[in-house]
Amino acid sequence: MSSLRNAINGRAHKERAQPSSRKKFGLLEKHKDYVVRAKAFHKKEETLRKLKEKAAFRNPDEFYFQMIKTRTVDGVHKPESQANKYTQEELMLMKTQDIGYILQKLQSERKKIEKLTAVLHSVDNHPSNRHIYYAEDREEARELQSQASESRVTPPSGDIPDLIKRKTAASYRELEARKSRVNQLEKLYMEMSLKKELQKKGRKRKLREDELVCPTSKLAYKWRSERKR
């Protein structure tokens, strides 16, 4: 009997909407919405109460290690410079990792340039139209092959579809951008390698302009030769 009673459609109860005079305030807040809002409000209120309590019971003479590493300027704490935070060996290791990353990106860009150049070269040298000839015997096939090789000419640019032209132009632009990126990476790799070598042990000096064989705008250094055991 209960199953039969549940099978009959009952009345659909709708939630009370906002009165027409208060529609400018949006949807009417239900009890579940109020519970979420009240919990969030009380959580913030409790956090502020704990912070005020900590500030009230704070000991101004209490010592903590950040005191010896900061100084107060106009009531603002400023930490000391941490330029010498790492040792010389740690700095050399970090520079080696940076140089390795730059070298990896440089090799990746070079491979992409080689692949893109090969694709564009094959596209430029590939004829746009193809004709298939059928021969009855080998003699006729040789004759057709000789005629095709004599009459083979470069197809005019007008026969190439516009979509192919746009894709080819975009590929050439990408190739130029990658070449420019490779030049920048090479310059950065040389600068980082020079800085790394300058940090190593050994006496060195900067060469003067009259000592340079090929004067350039870049700095050149000379290391004193040392006898290796």
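By contact I mean heavy atoms within 4.5 Å, and with that in hand I would like to begin at Leu 120, which, leaving aside residues up to four places away in sequence, touches Thr 168, Ser 171, Tyr 172 and Leu 175. Please keep in mind throughout that this is a predicted model.

Stepping back to the whole chain, the protein has five helices and four strands, and along the sequence these follow the pattern α-α-β-β-α-α-α-β-β. Of its 229 residues, 9% count as buried, and among contacts between residues at least 6 apart in sequence, 53% join residues at least 24 apart.

Leu 120 also belongs to the largest nonpolar core, a set of ten residues in which it is joined by Ile 99, Ile 102, Leu 106, Ile 113, Leu 116, Leu 175, Val 182, Leu 185 and Met 192. The elements giving two or more residues to this core are α3, residues 88–124, and α5, with α3 giving the most, namely six.

As for α5, which runs over residues 162–199, its 38 residues should span 56 Å at 1.5 Å a residue, and its end C-alpha atoms are indeed 56 Å apart, so the two values agree. The buried residues of α5 include Thr 168, Ser 171, Arg 178 and Lys 196, alongside Leu 175, Val 182, Leu 185 and Met 192.

Turning finally to the surface, the protein exposes about 22000 Å², of which carbon and sulfur atoms supply 54%. Phe 63, Tyr 64, Phe 65, Met 67 and Ile 68 make a nonpolar surface patch of about 550 Å²; Met 67 lies in the loop between α2 and β1, and is partly exposed, with a relative accessible area of 32%.

Technical notes. Residues are numbered from 1 along each chain as its sequence is written. This is a predicted model: local features need pLDDT of at least 70, side-chain atom pairs count only at pLDDT 80 or more; totals for chains, interfaces and linings use all residues. Side-chain values use heavy atoms; hydrogens and water are left out. Patches are made of residues with over 30% relative accessible area and no salt bridge: like charges are joined within 9 Å, nonpolar side chains (Val, Leu, Ile, Met, Phe, Trp, Tyr) within 5 Å. Accessible areas come from the Shrake-Rupley method with a 1.4 Å probe; for residues, only the protein chains shown count as cover. A salt bridge is a side-chain nitrogen of Lys or Arg within 4 Å of a carboxyl oxygen of Asp or Glu. Buried means under 20% relative accessible area, exposed over 50%, partly exposed in between (1.4 Å probe, protein chains only). The expected span of a helix is 1.5 Å times one less than its number of residues. A nonpolar core is a set of buried Ala, Val, Leu, Ile, Met, Phe, Trp, Tyr and Cys residues joined through side-chain atoms within 4.5 Å.
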